[in-house]
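Please consider the sequence and the three-dimensional model shown below. The explanation after them is meant for a reader who meets this structure without prior acquaintance.

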Amino acid sequence: MRSDVTNLLYLLASVLFIFGLKGLTHPKRAVRGNLISALGMFVAVVTALVSEAGLSWGIIVSGVLIGGFVGILMAFRTRMTAIPQVVALFNGFGGGASVLVAGAALMGSAGQVGAVDSGSLRVLISTAAAVIIGAVTLLGSLVAFAKLAEMVKKSLAFPGQKLVNGLLAAGCVVSGALMVTGGGELVWFWIMTVLASVLGVLLVAPIGGADMPVVIAALNAYSGLAACGTGFVLGNDVLVIAGSLVGTSGLILTRIMCKAMNRSFTNVIFGVALGGGSAVDADAFYEGKVKATSADEVAMMLEGVQHVVVVPGYGMAVAQAQYAVRDMAKQLESMGVGVTFAIHPVAGRMPGHMNVLLAEADISYDKLRDLDSANPAFSETDVAIVVGANDVVNPDARNNPESPIAGMPILDVDKARTVIVIKRSLSPGFAGIPNPLFIADNALMLFGDGKAAIGEITAALKEA
């Protein structure tokens, strides 16, 4: 394919990426935006393949079939509750691909088909950047995946960890510089790759589970930056543009998540432990202070109220209770009760987790309220129903400066006239600390599976 035609198609793909991202800014346009972005990627991939000569089509087709089969299988078998760890894994795959491609270019395998000049200064510098960022992304994402999947339940932190991370980062830079000045010596490439891999593990290992949404956003940005570096290695403009879009949007999202959780952006970037456990004895904290209720009692409370706010959390995702929540909301609305949903930006295990679940249940986006618009209304709310949320409604973040989540903006459900908390037990959230909301004077606990409990409330409302 002629170079001018190739560049024109790459420009078309880049425009489609930008319009696709623009479409994702509103739920009503999100599906169309996703399709536009997918079309842009299709154009980019086909153009990249057709524009090169001497490719092994047997290997390419085999890779597409194997990768496509694995992707489809994962898509069908992955439950909504597991989406965050799958996103983390996909971020890792992106970083790993960047390491492999940049390494192949350095070793000359890509140069055999005239794609790159593996000895040029541009390629060497780009290779170093792509490998360092990609290796950090790959190993960091695997650690995040293990934490989210609860394969690893403890955070790894030790004295002097920041110093060790700093030395590893310096080692990556030095070995990368030596590789560049040495004309691409492979020994420095491997040293750089190993150091970056260890750094990726140590950057994510100390991060507490409560801060995983921020980590996922940061890893997403890293995967984009690694892809951008690979684009410079291959001299592929569309890969540079796509990587830049992913990297910058990921960094913006990370900043938004840090603000939503009152966390330091630099702490996330440099792997400083954010969340943590608590020395408080949970059993002693709750003993004799919890007021339990039943579905029938909750239904009686809901009769005649004016406004109900539902606050979903990760427990709703685990119980797959979004459809039951929708049915309860419809029943309440048929009784003349106004129902809205208060969504914390980091509820669940990744940004937008609750929004996706509620959209899956066909709950109108107009009924969803973000943190800033939901909090002022809680003082005028008759009943707030918390479905499986914990840390994002913990008043300690607002009232206890010694709490591991101190300063984190929360949903002020404790200011509602009555709070119904639906949980299986008094187990802590990902932050690992007790929640004073559960023993508040205006709070009642409805213990049980979220889906079953909400269904019982809805049935009782219908009978009434």
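The paragraphs that follow treat the sheet, then two helices, and then two individual residues.

The structure is a predicted model. A convenient place to begin is its open sheet, in which six strands are arranged in the order S3-S2-S1-S4-S5-S6 with parallel pairing. The edge strands are S3 and S6, since each of them pairs on one side only. In general, the strands of a sheet pair through backbone hydrogen bonds, in either a parallel or an antiparallel sense.

Within this sheet, strand S2, which comprises residues 338-342, may be followed in detail. Four of its five residues are buried, and the strand is thus described as mostly covered. With strand S1 (residues 307-312), S2 forms a parallel pairing over four bridges. His 307 has its bridge partner in S2, namely Gly 338. S2 is also joined to strand S3 (residues 368-369) by two bridges, and these two strands run parallel. Here Phe 341 stands opposite Leu 368 of S3. Between S2 and S3 the chain passes through helix H15 (residues 353-360), and this β-α-β crossover is right-handed.

Attention may now turn to helix H18, which spans residues 450-463 and has 14 residues. From its first C-alpha to its last, H18 reaches 20 Å, close to the 20 Å expected at 1.5 Å a residue. At its N-terminal end, H18 is capped by Asp 449, which has a side-chain oxygen 3.1 Å from the backbone nitrogen of Lys 451.

Which residues of H18 are buried? They are Gly 450, Ala 453, Ile 454, Ile 457, Thr 458, Ala 460 and Leu 461. Because the buried residues fall within an arc of 160° when seen down the axis of H18, they line one face of the helix. On the other side of H18, Lys 462 and Glu 463 are exposed. The buried residues of H18 are covered by elements that include the helices H12 (295-302), H13 (314-319) and H14 (322-334). Strands S4 (383-387), S5 (418-423) and S6 (443-447) are also among the covering elements.

One residue of helix H14 illustrates this packing: Gln 331 is found in that helix. Gln 331 is buried, because its relative accessible area of 16% is under the 20% limit. Leaving aside residues up to four places away in sequence, Gln 331 touches Thr 458, Leu 461 and Lys 462.

A further helix, H1, covers residues 3-23 and has 21 residues. Its first and last C-alpha atoms are 30 Å apart, close to the 30 Å expected at 1.5 Å a residue. The buried residues in H1 include Thr 6, Tyr 10, Ala 13, Ser 14, Leu 16, Phe 17, Gly 20 and Gly 23.

The last residue to be examined belongs to a loop. Asp 412 lies between helix H17 (396-399) and strand S5. Is Asp 412 buried or exposed? Asp 412 is buried, with a relative accessible area of 10%. Among residues more than four places away in sequence, Asp 412 touches Asn 375, Phe 378 and Arg 398. Ala 221, by contrast, is separated from Asp 412 by 191 residues in sequence and by 31 Å in space, C-alpha to C-alpha.

Technical notes. Residues numbered from 1 in each chain as written. Predicted model: local features only at pLDDT ≥ 70, side-chain atom pairs only at ≥ 80, totals over all residues. Heavy atoms only, no water. Expected span 1.5 Å × (residues − 1). Buried < 20%, exposed > 50% of the residue type's maximum accessible area, 1.4 Å probe, protein only. Arc of directions from axis to C-beta. Contact = heavy atoms within 4.5 Å. Polar contact = N/O pair within 3.5 Å; in protein donor to acceptor, adjacent residues only side chain to side chain. Pairing = 2+ DSSP bridges. Right-handed = clockwise from strand over helix to strand, strands pointing away.
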